[in-house]
Amino acid sequence: MPYSVPYVDFGPTTRSSKVELTTAFERVLDSGKFVLGSEVKNFEKVFAAYCETEYAAGVANGTCSLHIVFRALGIGSGDEIITAPNSFIATAAAIAQVGATPVFVDTDFDFNIDPSLIEDAITPRTKAIVPVHLTGRVAKMNEINSIAKKHGLLVVEDSAQSVGATYHGKKAGSFGDAASFSFHPLKNLHAFGDAGIITSNRIEVINELNVIKNHGLTDRSTCSQWGLNCRLDEMQAAFLSVQLPQLDDWTEQRRKIAHYYNDALSKVVVTPLEENHEKHVYQTYVLRSERRDELKEFLNRNGVEAIIHYPVPIHLQPAAGYLNYKQGDFPIVETLAKEILSLPLYPGMPREFQDQVVSLILKFFGSK
Amino acid sequence: MPEQFSDHSKFFELWRPVLESGEFTLGPFVEKFEKRFASYIGSKYCIATNNGTDALILSLRALGIGPGDEVITPCNSFYATSGAIVAVGAKPVFTDVDDRYQIDVLEIESLITEKTKAILPVHWAGASPDMSLLKKIGEKHNLKIIEDACMAIGGKVNGKSPGSFSDIAAYSMHPLKSLNVAGDGGMVVTDNKDLYQWMRKYRNHGMSHRDVIDFWGANMRIQPLQAVVADYFLDHVDSFVKVRNENANYLDNLLSNLDPLVKSPPRIQQNLETFSLYMLLVQSRDELLAYLLSNGVEAKVHYPIPLHLQPASKEMGLNSRLLPVAEQQAKELITIPIHQYINKSHMDLVSELIHKFYKDEV
């Protein structure tokens with residue numbers, strides 16, 4: 001269904017850097033080098049610096065990135081990993097891919113894992129905590145890190161939705177043993193296709209990742225372990241290098257729109273929370289309403305592409321059936337799943353579109 | 001091969017509709033390529049993936065191959081073939097090879113155990129093993145066949161495409177393949193509708209629908225930007241393969257008088273090789289390699305250490321059998337570039353250099 005106010009439009013951000021993007025294309029085409037070259041190396045450097053971490057390893061997407069991080073950290077069959085069930089499916093699927101078991105813990109109303117519930121979920125098989133910085137807001141990393149330290153657990157940040165977000169002044173991706181990022185088209189920093197990256201301050205982890213992602217090769221003729229192909233394309237790395245310098249500006253545009261939505265809508269819906277010690281990057285603007293389903297239908301019918309991220313939490317999906325969770329196990333996540341709704345929000349979104357969204361929502365609530 | 005992408009404006013025109021539509025995740029550009037490629041191979045269905053390794057993994061998973069299973073495969077392929085078998089938790093069982101560098105089909109039956117689930121033959125270098133004999137063995141022992149046709153797009157075995165002899169076949173479009181893209185790309189073909197529908201979900205996180213995840217999947221999606229490049233080159237692959245064959249024949253003839261110092265493998269007349277790799281067995285291989293490199297010929301070795309002798313195999317105990325033909329070939333193989341941007345004068349030079357090398361040696 002074509003929407004008059006679409007959820008996203010890549011036009012504004014692409015058009016503004018058309019010249020630089022074209023130059024990047026040409027550079028890669030001329031080089032004839034399309035796999036693991038200077039574009040990837042360069043982007044890894046600048047992205048690590050952006051996240052205030054020492055190293056980064058470019059990968060094919062934010063799903064295989066989690067998979068190979070777990071592998072590089074020695075997580076596998078028999079291990080348990082604590083995470084929240086309201087993330088995108090990839091977080092839990094990557095845990096399953098290495099043969100480990102996801103162990104879910106409820107969230108708080110900031111949509112992120114509730115640290116006060118983590119210790120009760122720890123068993124002798126627990127290897128790691130994977131906090132997801134959902135919608136662009138960093139999880140409570142001080143508490144999570146101290147729990148991890150106390151119990152000797154690894155921490156892997158799933159930062160797919162939070163590039164550029166900060167928590168007490170520190171960037172998402174700089175808190176754990178490693179962090180996974182996605183540059184899927186719907187992310188704040190996006191490639192023109194699938195892409196991802198892993199950040200870490202641990203050189204041995206990054207070295208291991210670079211081997212695993214390239215068929216386990218330590219050099220052209222030596223396969224030290226059976227690996228995968230989880231490489232970041234030179235082409236996408238070149239585009240990302242053009243995009244990255246603009247990210248902070250785009251984030252400011254997102255925050256401006258989000259704050260406008262907050263001011264306009266806080267009396268009729270629960271607007272997303274943000275505290276003084278953090279910078280929320282609003283990858284998704286998620287409101288809560290008890291009349292969510294009607295509101296969504298009303299907006300969609302009136303041309304606004306509002307979406308739910310996600311109506312059925314992971315623990316209630318067919319894929320997770322064997323874990324034997326049931327309705328009622330995670331009351332906050334389950335409540336959120338019934339109430340959340342994402343509004344269109346993107347850099348360059350015309351003010352008229354924002355106004356249309358706001359006035360429709362006010363109309364919906366005013367008319368009852 | 002920068003020549004391949006030297007006409008920038010052509011590729012911008014291919015990419016423009018993708019960029020303007022914002023269809024960066026599957027979508028119509030991918031679907032168009034999948035339909036055309038399936039038709040090109042003569043298969044019903046095609047699933048485009050991010051690369052050939054993912055295509056192999058997807059194929060193995062679709063057939064339910066996993067922990068406890070064994071898969072028979074040749075020991076001289078690229079690391080991804082056995083890497084994919086291990087990635088799904090199964091065990092590669094390596095065979096030796098024949099004088100055309102292909103899986104030794106006659107050895108397969110002796111390697112079958114009650115754990116064997118499939119045979120994963122490789123159309124290595126763009127040539128092919130005896131596919132009808134392989135099929136017979138598969139049927140006789142109730143084993144699935146997965147073809148690694150990564151190097152064989154555009155080839156023919158008795159008039160049929162590599163990848164059309166099996167339950168399921170995987171291809172790669174890495175830059176060094178006969179059909180290639182500007183980065184990584186790959187695909188799976190099958191005639192089986194159930195496998196196709198399962199793979200469509202698995203490739204995209206196991207989703208049957210945006211909000212319903214049937215099983216844990218992965219992200220194996222091809223980039224639409226690469227799918228349009230693939231779609232474009234699909235119309236050219238036959239002519240690329242034709243030129244490679246002309247080059248190969250030309251070089252075969254120029255070097256024929258150096259036998260047995262330089263040997264090219266037997267060529268099967270009813271088949272059409274793609275010559276993804278043009279490989280010879282040569283004496284004093286390391287010295288010849290160094291000599292060619294120092295004279296500007298980008299020769300390579302595919303590969304000096306076969307899979308069963310790699311550290312990765314030793315760790316898993318996969319190196320227990322001696323595979324003498326492959327081990328000897330590994331000492332003598334050399335790959336000479338003969339792709340479609342190489343012309344006769346390049347090959348005359350290569351031939352001169354090789355002749356000079358052996359003249360000076362002897």
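## A first walk through the two chains

B:Gly52, B:Thr53, B:Leu56, B:Ile57 and B:Leu60 of helix H3(B) meet a set of residues from helix H4(B), namely B:Ala80, B:Thr81, B:Gly83, B:Ala84, B:Ile85 and B:Ala87. Sorted by class, this contact between H3(B) and H4(B) has seven nonpolar and four polar residues, with no charged ones. Keep in mind throughout that you're looking at a predicted model.

How do these two helices sit against each other? H3(B) covers residues 52-62 and H4(B) covers residues 79-87, and they pack at an angle of about 40° with their axes 9 Å apart. An angle like that makes H3(B) oblique to H4(B). The crossing of H3(B) past H4(B) is right-handed.

### The sheet in chain B

H3(B) has other company too. It lies across strands E1, E5 (144-148), E6 (168-172) and E7 of chain B, and runs at about 170° to E6(B). Those strands are part of an open sheet in chain B, where seven strands follow the order E1-E7-E6-E5-E4-E2-E3 with mixed pairing. Which strands stand at the edges? They are E1 (45-49) and E3 of chain B, each with a single partner strand, so one side of each has no neighbour in the sheet. On average, and ignoring direction, neighbouring strands here are turned by 25° against each other.

The partner of E1(B) is worth a look. E1(B) and E7(B), residues 186-190, run antiparallel and are joined by five bridges. If you want a spot to zoom in on, find B:Thr49, which stands opposite B:Gly186 in E7(B). Another helix, H6(B) with residues 131-140, lies across E4 (116-119) and E5 of chain B, and its direction is at about 150° to E5(B).

### A second helix pair

Further along chain B, helices H9(B) (residues 237-255) and H13(B) (residues 344-361) have axes that come within 10 Å and cross at roughly 30°. That makes H9(B) roughly parallel to H13(B). H9(B) also passes H13(B) in a right-handed crossing. On the H9(B) side the contact is made by B:Asn247, B:Tyr250, B:Leu251, B:Leu254 and B:Leu255, while H13(B) brings B:Lys344, B:Met347, B:Val350, B:Ser351 and B:Ile354. By class, the contact of H9(B) with H13(B) has seven nonpolar residues, two polar ones and one charged.

### Over to chain A

Chain A has an open sheet of seven strands as well, in the order E1-E9-E8-E5-E4-E2-E3, and the pairing is mixed. Its edge strands are E1 (55-59) and E3 (101-104) of chain A; each has a single partner strand, so one side of each is left without a neighbour in the sheet. Neighbouring strands of this sheet are turned by 25° against each other on average, direction ignored.

Which way does E1(A) pair with E9(A), residues 196-200? The sense is antiparallel, over five bridges. Along that pairing, A:Ala56 stands opposite A:Thr199 in E9(A). A helix covers strands here too: H4(A), residues 62-72, lies across E1, E5 (154-158), E8 (178-182) and E9 of chain A, running at about 165° to E8(A).

### Domains

Each chain has a domain assignment, set out below.

| Chain | Domain 1 | Domain 2 |
|---|---|---|
| Chain A | residues 11-245 | residues 247-366 |
| Chain B | residues 2-234 | residues 237-361 |

In chain A, the centres of the two domains, taken over C-alpha atoms, are 24 Å apart. The contact between them takes 32 residues from domain 1 and 30 residues from domain 2 of chain A. Helix H1 (11-16) and strand E6 (166-167) of chain A each supply at least two residues of the domain 1 side. That side divides into 14 nonpolar, 13 polar and five charged residues.

In chain B, 25 Å separate the domain centres, again taken over C-alpha atoms. Here 30 residues of domain 1 are in contact with 25 residues of domain 2 of chain B. At least two residues of the domain 1 side come from each of H4, E3 (91-95) and H8 of chain B. By class, that side has 15 nonpolar, nine polar and six charged residues.

### Where the chains meet

How many residues does each chain bring to the contact between them? Chain B gives 44 residues and chain A gives 44. On the chain B side, the elements giving two or more residues include H1 (8-21), H3, H4 and H8 (224-234) of chain B. Which element gives the most to that side? It is H4(B), with six residues. The chain B side as a whole divides into 24 nonpolar, 15 polar and five charged residues.

Terms used:
Residues are numbered from 1 along each chain as its sequence is written. Chains are lettered from A and ligands numbered from 1 in the order in which they are written. This is a predicted model: local features need pLDDT of at least 70, side-chain atom pairs count only at pLDDT 80 or more; totals for chains, interfaces and linings use all residues. Axes are lines fitted to C-alpha atoms, for helices over the stretch in contact, and angles run from 0 to 180 degrees between N-to-C directions. Helices (H or I, at least four residues) and strands (E, at least two) are DSSP runs, numbered from the N terminus. Angles under 35 degrees count as roughly parallel, over 145 as roughly antiparallel, 65 to 115 as roughly perpendicular and the rest as oblique. A crossing is left-handed if the near helix is turned anticlockwise from the far one by less than a right angle, and right-handed if clockwise. Two residues are in contact if their C-beta atoms, placed from the backbone, lie within 7 Å. Ala, Val, Leu, Ile, Met, Phe, Trp, Tyr, Cys and Pro count as nonpolar, Asp, Glu, Lys and Arg as charged, and the others, Gly among them, as polar. Domain bounds come from an automatic or database domain assignment. Two strands pair if DSSP finds at least two bridges between them.
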